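User: I'd like to learn how to read a model like this one, feature by feature. Could you walk me through it?

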Amino acid sequence: MSDTIVNIYTDGACKGNPGPGGWGAILCYGASRKEIFGGEPETTNNRMEMTAVIESLSLLKRPCTIHIHTDSQYVLKGMSEWLKGWKARGWKTASKEPVKNVDLWQKLDALVQTHDVTWHWVKGHAGHPMNERADELANQGVASLG
């Protein structure tokens, strides 16, 4: 699709679930690196994991080949396994329940359409330097709430 390859490393954090949360991400393109983070006063860990990816993708100005590295099985499986069925069932789960965080899933689904995205799972808190940095940024996001 594109010869522009972007590696994105994301993480979310929540102090209490629900509670104050933060998200962090690192976007790497060639020798360039951009770090972003933010927070919300009342949220969940899953919403912060998703927001990190959404905010990262929102920065991209043209179609890219993207490798998203996340320690969130929720985000990974949601995008690679569950999304197609949810959409086919009108945003309902296999048990006919409304999909949780549907607002964010719909945003994420729309954002990936223009890119060639590959999802990669990274074991969290296992010493992966970029995942550890994304975790630090997510915690900065929580701290930024005051």
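## Reading the features

Analyst: Let's start with a side chain: Arg 33 has a relative accessible area of 49%, so it is partly exposed. Keep in mind throughout that this is a predicted model. The cut-offs for reading such a value are under 20% for buried and over 50% for exposed, with partly exposed in between.

User: Which residue does Arg 33 form a salt bridge with?

Analyst: The idea is to look for a Lys or Arg side-chain nitrogen within 4 Å of a carboxyl oxygen of Asp or Glu. Here the partner of Arg 33 is Glu 35, and their closest N and O atoms are 2.9 Å apart. Glu 35 is partly exposed too, because its relative accessible area is 30%.

User: And which side chain does Arg 133 meet in a salt bridge?

Analyst: That of Glu 35, at 2.7 Å from N to O. Here it pays to ask where each partner sits: Glu 35 is in strand S3 (residues 32-43) and Arg 133 in helix H4 (residues 129-143), so this pair ties together parts 98 residues apart in sequence. With 22% relative accessibility, Arg 133 counts as partly exposed.

User: Which residues are linked in a network of salt bridges?

Analyst: Arg 33, Glu 35, Arg 133 and Glu 136 make up that network. The structure holds five salt bridges. One of the others is between Asp 103 and Arg 47, where the closest N and O atoms are 2.8 Å apart. Asp 103 is in helix H3 and Arg 47 in helix H1 (residues 45-58), so this bridge connects parts that are 56 residues apart in sequence. Asp 103 is partly exposed, given its relative accessible area of 37%.

User: Now strands. How do S1 and its partners run, parallel or antiparallel?

Analyst: Check each pairing separately. S1 (residues 5-14) is joined to S2 (residues 19-29) by eight bridges, and these two run antiparallel. With S4 (residues 65-70), S1 shares six bridges, and that pair runs parallel. To find the register by eye, use Asp 11, which stands opposite Gly 24 in S2, and Thr 10, which stands opposite Thr 70 in S4. As for cover, eight of the ten residues of S1 are buried, so to speak "mostly covered".

User: What joins S1 to S2 in the chain, and which residue in the turn has a positive phi?

Analyst: S1 and S2 form a hairpin with four residues between them, and Gly 16 in the turn has the positive phi, about 95 degrees. There's also a cis peptide bond to spot: the one from Asn 17 to Pro 18, with omega near 15 degrees. Pro 18 is placed in the loop between S1 and S2.

User: Why do people flag backbone angles like these?

Analyst: Because most peptide bonds are trans, and most residues other than glycine have a negative phi. So you look for the exceptions. Trp 91 is one of them: it isn't a glycine, yet its phi is positive at about 65 degrees. Lys 96 also has a positive phi, near 70 degrees. Trp 91 is in the loop between H2 and H3, and Lys 96 is placed in the loop between H2 and H3 as well. Their accessibilities give opposite readings: Trp 91 counts as buried at 18%, while Lys 96 counts as exposed at 61%.

User: Last one: at roughly what angle do H2 and H3 cross?

Analyst: Compare their axes. Those of H2 (residues 73-88) and H3 (residues 102-112) come within 11 Å and cross at roughly 90 degrees. Angles of 65 to 115 degrees count as roughly perpendicular, so that's the label for H2 and H3. On the H2 side the contact includes Tyr 74, Met 79 and Trp 86, and on the H3 side it is made by Trp 105, Leu 108, Asp 109 and Val 112. By class, the contact has eight nonpolar, one polar and two charged residues.

User: Is Asp 109 buried or exposed, and which residues is it in contact with beyond its sequence neighbours?

Analyst: Asp 109 counts as buried, with 10% relative accessibility. Setting aside neighbours within four places in sequence, Asp 109 is in contact with Met 79, Leu 83 and Lys 87.

Technical notes: Residues numbered from 1 in each chain as written. Predicted model: local features only at pLDDT ≥ 70, side-chain atom pairs only at ≥ 80, totals over all residues. Heavy atoms only, no water. Axes fitted to C-alpha atoms, helices over the stretch in contact; angles between N-to-C directions. Parallel < 35°, antiparallel > 145°, perpendicular 65-115°, else oblique. Contact = heavy atoms within 4.5 Å. Nonpolar A, V, L, I, M, F, W, Y, C, P; charged D, E, K, R; others polar. Buried < 20%, exposed > 50% of the residue type's maximum accessible area, 1.4 Å probe, protein only. Pairing = 2+ DSSP bridges.
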